[in-house]
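Thanks for making the time. I have one structure to go through today, and I will keep to what can be computed from it.

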Amino acid sequence: MPSVFPGLCADCVFSRRVESGRSTFCLCERALTDPQFRKYPPLPVWSCPGYERKGAPAPPANPEPDDKLTG
Ligand code: SF4
């Protein structure tokens, strides 16, 4: 990780460590497809709408409707 504590980027699934010479950066892979994110966000990131923790369970792709709430 970079010498500056990266905040949320430290354990975000979209963060990729990039080394350049003696410097290390966090590259936000969300920025590659969504312009609201910066490719190299200023660190530390304390709040981010795109944050997803590494290892967190993924939400169901096609949730079943709750039949107790219908009809
Ligand atoms: S989505 Fe947010 S928290 Fe995740 S790598 Fe990008 S800037 Fe960092």
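I will start with the chain as a whole, then take the strands, the core, the ligand shell and one phenylalanine.

This is a predicted model, and local features are taken at pLDDT of at least 70. Side-chain atom pairs count only at pLDDT 80 or more, while totals for chains, interfaces and linings use all residues.

So, the chain. The protein chain has 71 residues, and 13% of them count as buried. In secondary structure there are 2 strands and 0 helices. If you take contacts between residues at least 6 apart in sequence, 45% of them join residues at least 24 apart.

Now the strands. β1 covers residues 15-20 and β2 covers residues 23-28. The pairing between β1 and β2 is antiparallel, over 6 bridges. To fix the register, S15 has C28 in β2 as its bridge partner, and R17 stands opposite C26 in β2. The hairpin leaves 2 residues between the strands, and G21 there takes a positive phi near 60 degrees.

Next, the core. Which residues make up the largest nonpolar core? There are 5 in all: C9, C12, C26, C28 and V45. For V45, leaving out neighbours within four places in sequence, the contacts are P6, G7, L8 and C9.

On to the ligand. The shell around the ligand contains 13 residues, and C9, C12, C28, C48 and G50 come nearest. By class, that shell has 10 nonpolar residues, 2 polar and 1 charged. Note the overlap: C9, C12 and C28 are listed both in the core and among the residues nearest the ligand.

Last, the phenylalanine. F37 lies in the segment after β2. Is F37 buried, exposed or partly exposed, and why? F37 has 16 other C-beta atoms within 10 Å, so F37 counts as partly exposed. The cut-offs behind that are 20 or more for buried and 12 or fewer for exposed. Not counting residues up to four places away in sequence, F37 touches C28, R30, A31 and G50. Two of those names have come up already, since C28 and G50 are among the residues that come nearest the ligand. As for C48, the C-alpha to C-alpha distance from F37 is 9.0 Å, at a separation of 11 residues in sequence.

That is what I have; I will take questions now.

Technical notes
Residues are numbered from 1 along each chain as its sequence is written. A residue is near a molecule or strand if its C-beta atom, placed from the backbone, lies within 6 Å of it. Ala, Val, Leu, Ile, Met, Phe, Trp, Tyr, Cys and Pro count as nonpolar, Asp, Glu, Lys and Arg as charged, and the others, Gly among them, as polar. A nonpolar core is a set of buried Ala, Val, Leu, Ile, Met, Phe, Trp, Tyr and Cys residues joined through C-beta atoms within 7 Å. Two residues are in contact if their C-beta atoms, placed from the backbone, lie within 7 Å. Helices (H or I, at least four residues) and strands (E, at least two) are DSSP runs, numbered from the N terminus. Two strands pair if DSSP finds at least two bridges between them.
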